[in-house]
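Here's a quick tour for anyone meeting this model for the first time. Have a look at the picture, then read on.

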Amino acid sequence: MIVGIDVGGTNTDIAILEGKKFRTESFRTSEVLQNLSNFIRRNFGDAVAVGIGLAVWFIDGKAVKAPNLPVIPALDLDMPFVVDNDANCFAYFSAKSLNFRNLLGITIGTGIGGGIIADGRVYRGRGAAGEIGHTFVGGDKRCRCGGKGHLEAYFSGWSLKNIRKLIETGEIYRMEEFNLFCRSLANAVMILNPEAVAVGGRIGARLDERFVEERVNGYLPVEMHVAVKRIRDDYAAAKGAALLALDAISQTQP
């Protein structure tokens, strides 16, 4: 049994891999975050390995900031485990399921996360590569990370009221905040030149990929056209965390 855990700003999702099949469940993050290690031991103490995706910035191997979590959880486990940014986990699952080796993964939920897959592997830079939600798009609106003018301050679950209703009615696609999001994606595509952009998360998975793809490519030279794929799986990041844990233990076995 390999367990993947995605600790987001609102929900903590669990994906349990047994053989080749996943089973899933979800908890409120507020219920598990104060003592994540005890939660894992109590519920998954017999796991072979655990992968944990956190909405946290990692720099040089250290957790340095969690803009959408009240605390950065300490982990003390007596089983093999790996920890990564939750958007990296999402991107890894997306690349595996879509069969792309070069992909930009974008999660939109409470905040915006980004993960990069380069030649089939997670690209982390010093640790926090892909944090598109905290790129500067203009203005002085305060972001939860402490900065100003970041994309997440304009387009995210916490910054837009009733964002799900805006998506359901289609109004979101007429808003300047959506343009800011698509321009940011286009800028990232110009730098990374991925085969595809995967969009998911509890809000991102509800966006119409046709509108996103059309708007993003409208900002790009025709030679840089990119496919946009919606990942309609709220447990994608948790599944990616499980796959990263599986890879980690596979590499240690003879």
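Helices (H or I, at least four residues) and strands (E, at least two) are DSSP runs, numbered from the N terminus. This is a predicted model, so local features need pLDDT of at least 70 and side-chain atom pairs count only at pLDDT 80 or more, while totals for chains, interfaces and linings use all residues. Residues are numbered from 1 along each chain as its sequence is written, and side-chain values use heavy atoms, leaving out hydrogens and water.

Let's start with two residues, one buried (under 20% relative accessible area) and one exposed (over 50%), with partly exposed in between (1.4 Å probe, protein chains only).

| Residue | Element | Relative accessibility | Status |
|---|---|---|---|
| Ile191 | helix 5 (residues 176-192) | 72% | exposed |
| Thr12 | strand 2 (residues 11-18) | 0% | buried |

Thr12 has company in there: contact (heavy atoms within 4.5 Å) links Thr12 to residues including Ile5, Val7, Phe27 and Val32. Thr29 is also on that list, and the side chains of Thr12 and Thr29 share a polar contact of 2.9 Å. That term means a pair of N or O atoms within 3.5 Å; within protein, one must be able to donate a hydrogen and the other to accept it, and residues adjacent in sequence count only if both atoms are side-chain atoms.

Now for helix 2 (residues 36-44): which of its residues are buried? They are Leu36, Ser37, Phe39, Ile40 and Phe44. These residues sit on the same side of helix 2, because they cover an arc of only 160 degrees around the axis, taken from the directions from the helix axis to the C-beta atoms. Strand 2 is part of what covers them, and so are strand 1 (2-7), strand 3 (21-28), helix 1 (29-32) and strand 4 (49-54).

Notes
Lists of a residue's contacts leave out its neighbours within four places in sequence.
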